[in-house]
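Please look at the sequence and the model below. The paragraphs after it explain how the parts are arranged.

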Amino acid sequence: MTTPPPALLIAGHGTRDEAGAEAFRDFVRELGARHPELPVAGGFIELSPPPLGDAVTELVERGVRRFAAVPLMLVSAGHAKGDIPAALSREKERHPGISYTYGRPLGPHPSLLNVLERRLDEALGATGGRTPLDRADVTVLLVGRGSTDPDANAEVYKAARLLWEGRGYAGVETAFVSLAAPDVPSGLDRCVALGARRIVVLPYFLFTGILPDRVRQQTEGWAAAHPEVEVRSADVIGPEPELLDLVMERYQEAVKGDLRMNCDSCVYRIALPGFEDKVGLPQQPHFHPDDDDHHHHGHHHGAHTHAH
């Protein structure tokens, strides 16, 4: 008799917006329907039902003893680093005999960058009688949730940089809707100071909710006060096939214990726009002037290759 694979537990942030909470619950149901071989459940850390503890109880009642938890979050902030591990630890005490592994947040994965690019194309397209905009004339303002954790905010900047690389936009700037500067109006001001006359505001959020709505409202308020600048709003990422596939990729990593660092966006692994020729290239040590005796020490990209 083969051991069943660990179940999948999806941990969401939670929102006071019922449509956003329902989008998460729909996403969990869709993932379960796609993978009938796997018990799938999902719950929230705060604000919306069901709580994460109820999702664990549901799995235990279905006979699950082992599961992998994947945080359905774009960046690793306080929830992914602290709240979810604490909640899982509590559930382990409540349900003796269960075991789990913990996956990593979704991050600026190339497949999600492709969805963001699609959202930008939709916003730039000839909709509502508007003429399509040329990317080279467009500055993108990527707006993240915002956190008191500087590392989490830095991850949004990383996403912005990866979105800019090789895609032909005039620039990609960054702003936050809460807890961190610059806020949306300041981000738009910065775009104009850098010469932008056409801006697309792109929310870095998975689903609809109160904060993405606030991004749109603040964008519209700023645009009304600056009629000389063309401003468009793009949609959130949404429950796209790429997102469903990425959650399963994070699940497989957690099950195998294969938690990589920044290999998702490594040009030697993934064909990023403009860098396709680097995929699979063998890595050579740097020549270091102190290494004239040819005893190379470990500071080179060869270690990078072997880490994969």
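The largest nonpolar core has 52 residues, and those with the most contacts inside it are L8, I10, L31, L72 and V247. A nonpolar core is a set of buried Ala, Val, Leu, Ile, Met, Phe, Trp, Tyr and Cys residues joined through side-chain atoms within 4.5 Å. Buried stands for under 20% relative accessible area, exposed for over 50%, and partly exposed for what lies in between, with a 1.4 Å probe and protein chains only. L31 touches L8, I10, V40, L244, V247 and M248, leaving aside residues up to four places away in sequence; contact means heavy atoms within 4.5 Å.

This is a predicted model, in which local features need pLDDT of at least 70 and side-chain atom pairs count only at pLDDT 80 or more, while totals for chains, interfaces and linings use all residues. Residues are numbered from 1 along each chain as its sequence is written, and side-chain values use heavy atoms, with hydrogens and water left out.

The protein chain has 308 residues, of which 48% count as buried. Its secondary structure comes to nine helices and eight strands; helices (H or I, at least four residues) and strands (E, at least two) are DSSP runs, numbered from the N terminus. Among contacts in the protein chain with a separation of 6 or more, 73% are between residues 24 or more positions apart.

One open sheet has four strands in the order β2-β1-β3-β4, with parallel pairing. Two strands pair if DSSP finds at least two bridges between them. The edge strands β2 and β4 (99-102) each pair on one side only. Four bridges join strand β3 (residues 66-71) to β4 in the parallel sense, and T101 in β4 is the bridge partner of A68. Helix α3 (residues 78-94) packs on this sheet and touches β1 (7-12), β3 and β4, with its direction at about 170° to that of β4. Helix α8 (residues 241-256) also packs on the sheet, touching β1, β3 and β4, and its direction makes about 130° with that of β3. For these angles, axes are lines fitted to C-alpha atoms, for helices over the stretch in contact, and the angles run from 0 to 180 degrees between N-to-C directions.

Another open sheet of four strands has the order β6-β5-β7-β8, again with parallel pairing. Here the edge strands are β6 (171-176) and β8, each pairing on one side only. Helix α4 (residues 110-124) packs on the sheet against β5, β7 and β8, and its direction makes about 135° with that of β7. Helix α6 (residues 184-193) touches β5, β6 and β7, with its direction at about 160° to that of β5.

Within this sheet, strand β7 (residues 198-203) is mostly covered, with five of its six residues buried. Strand β5 (residues 139-144) runs parallel to β7 and is joined to it by five bridges. β7 also pairs with strand β8 (residues 230-233) over four bridges, in the parallel sense. From β7 the chain crosses through helix α7 (residues 210-225) to β8, and this β-α-β crossover is right-handed: with the strands pointing away from the viewer, the path from the first strand over the helix to the second runs clockwise.

The structure also holds four aromatic pairs. F24 and F44 form one that is tilted, at 4.3 Å centre to centre and 45° between the planes. Rings of Phe, Tyr and Trp (its six-membered ring) pair if their centres lie within 6.5 Å; planes under 30 degrees apart count as stacked, over 60 as edge-to-face and the rest as tilted. F24 lies in helix α1 (residues 18-34) and F44 in strand β2 (residues 40-44), 20 residues apart. F24 counts as buried because its relative accessibility is 3%.
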